[in-house]
Amino acid sequence: MTEIRARRESEDKNRIQDITYYDRPVIHKPHWGWLIITYFFLGGLSGACYLIGLIADLVRFDVTGRLGKVCRYISLSSLIPCPVLLILDLKRPERFHHMLRVLKLRSPMSVGTWVLSIFGLLSGAVTTADLLRNILPQGKVNKFLHALDPMLSLAKVMAGLPAMFMTFYTAVLLAATAVPVWTKRAATLPLVFVSSSFSSALAVTSLVTSITKMFAVNKALVSLQLWMGPIDFIVKLFFERTLARSLRFYLTDGRLKLVNLLGVRIIGEIFPLSLLLITRIRKANNPWLGRISSLMILLGALASRYVVVKAGEKSAVDPKAVFEITR
C-alpha cells in the first residue's frame with residue numbers, strides 16, 4: 001500500500017509539473033493586507049451590532065431604548081472606516097466611485113459595494129437622528145425629527161437587510177474566487193463570518209454597556225455571549241474539519257498555526273468563555289472580568305479573519321492545492 005501511494009503521489013507530482021510548468025502557481029495569489037482584513041472585521045461587526053439593536057427595539061428588550069441606540073452608535077462607528085479602508089486598498093479613490101456606476105448582480109464585489117453604501121445611508125440617517133435628539137435641546141430641530149419619525153422607523157427596519165448582508169458578504173466574496181481554502185467549502189465559510197461577527201458584536205456591546213453602567217442589559221448580554229461562544233467555536237471547528245487534509249494544512253502551517261491556536265482558540269474563545277463562566281457561577285461583581293473577556297473575543301475575531309485570509313494566500317501559490325479542489 002505504501003508503494004502504491006508513493007507511486008500515485010509521484011504521478012500526481014509529475015502531472016502537476018507538466019501542467020503548471022514546474023510547480024509555478026496556477027492562479028495569482030491575492031495581495032490583501034491589514035487594510036482588507038480590518039475591513040472584513042469591522043464590516044461584519046457593524047452589521048451584527050445593528051441587527052442586535054434592531055431586534056432589541058422590535059421585541060422591546062430594553063424599555064428605555066438605550067440598548068438599540070448604543071448598538072447603532074457602535075455600528076456606525078465601525079462602519080465609517082470601511083469605505084476609507086477599501087479606498088486605501090484600491091490605491092485610487094475614483095475606483096470606489098466607478099464600482100457604484102453599475103450594479104452587477106453576478107459580482108459579489110459590485111453587490112457588496114452597493115450594500116455597504118445603502119447600509120451606510122440608512123443606518124447613518126437613523127443614528128444621526130438619535131444623536132441629534134440626545135445632544136440638542138428641545139426645539140424646532142426635535143420637532144422636525146419628530147415629524148420624520150415614520151420615515152426614520154421605516155429606514156431603521158429596512159437597514160436590517162443590508163446589515164445582515166454585511167455579516168457574510170465578504171465570505172461570499174472570498175468563496176467566489178478560485179483560491180482553494182476559500183472556495184472548497186463555499187457554503188460553510190459564510191457561517192464562520194456570521195458567527196464571528198455576532199460573537200464580536202455581543203462582546204463590544206457588552207463592553208460598552210459595562211462601561212456605561214447599564215448593568216441589567218449587560219447581564220443579559222453576558223448570557224448571550226455564553227451561548228454564542230460555543231456556537232462560534234463549533235462553526236469554526238466544523239469549517240476546518242470539513243476541509244480536505246491537504247487544504248487544512250494551510251490553516252495550521254507555520255505562523256498561522258500559532259495565530260490560530262493561541263489567538264483564535266485560546267485568547268479568542270476558551271479563555272474569555274472560562275472567565276465569563278467563572279463570573280456567572282461565582283456571581284462575581286467585578287466588571288473587569290467581563291471587559292477583559294470582551295476584549296479577548298474581539299482580538300480572537302480579528303485573528304480569525306487574519307488566519308482565513310492568509311491561509312487562502314498560501315494555498316493559492318500551491319498548484320497541488322488548486323488541483324485538489326477540482327477532484
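This text leads through a predicted model of a protein chain, from its overall make-up to its core, a pair of helices and two single residues.

The protein chain has 16 helices and zero strands. Of its 327 residues, 48% are buried. Contacts often link distant parts of the sequence: among those between residues at least 6 apart, 76% join residues at least 24 apart.

In soluble globular proteins, nonpolar side chains tend to be buried together. In this model, the largest nonpolar core has 72 residues. Tyr39, Phe40, Leu174, Trp182, Leu189 and Phe193 are the residues with the most contacts inside this core. Helix H2, residues 34-58, supplies the largest share of the core, with 14 residues. The core lies between domain 1 (30-176) and domain 2 (177-326), because both domains give residues to it. Leucine 174 can serve as an example from the core. Leaving aside residues up to four places away in sequence, leucine 174 touches Trp32, Phe40, Trp182, Leu189, Phe193 and Val308.

Helix H2 also takes part in a helix pair. Two packed helices are described by the angle between their axes and the distance between the axes. For H2 and helix H4, which spans residues 81-90, the angle is about 160° and the axes are 9 Å apart. H2 is therefore roughly antiparallel to H4, since angles over 145 degrees count as such. The crossing of the two helices, H2 and H4, is left-handed. On the H2 side, the residues that meet H4 are Leu35, Ile36, Thr38, Tyr39, Leu42 and Gly43. Their partners in H4 are Pro81, Cys82, Leu85, Leu86, Leu88 and Asp89. Tyr39 thus appears in this helix contact and also in the list of core residues given above.

Two single residues remain to be described. Serine 199 lies in helix H11, which runs over residues 189-211. With a relative accessible area of 9%, serine 199 is buried, because the limit for buried is under 20%. Beyond residues up to four places away in sequence, serine 199 touches Met228, Asp232 and Ile297.

Aspartate 253 is placed in a loop, between helix H13 (245-248) and helix H14 (255-282). Its relative accessibility is 22%, so aspartate 253 counts as partly exposed. Aspartate 253 is 58 residues away from alanine 311 in sequence, while their C-alpha atoms are 8.5 Å apart in space.

Definitions and conventions: Residues numbered from 1 in each chain as written. Predicted model: local features only at pLDDT ≥ 70, side-chain atom pairs only at ≥ 80, totals over all residues. Heavy atoms only, no water. Helix = DSSP H or I, 4+ residues; strand = E, 2+ residues; numbered from the N terminus. Buried < 20%, exposed > 50% of the residue type's maximum accessible area, 1.4 Å probe, protein only. Contact = heavy atoms within 4.5 Å. Core = buried A, V, L, I, M, F, W, Y, C linked by side-chain atoms within 4.5 Å. Domains from an automatic or database assignment. Axes fitted to C-alpha atoms, helices over the stretch in contact; angles between N-to-C directions. Parallel < 35°, antiparallel > 145°, perpendicular 65-115°, else oblique. Left-handed = near helix turned anticlockwise from the far one by under 90°.
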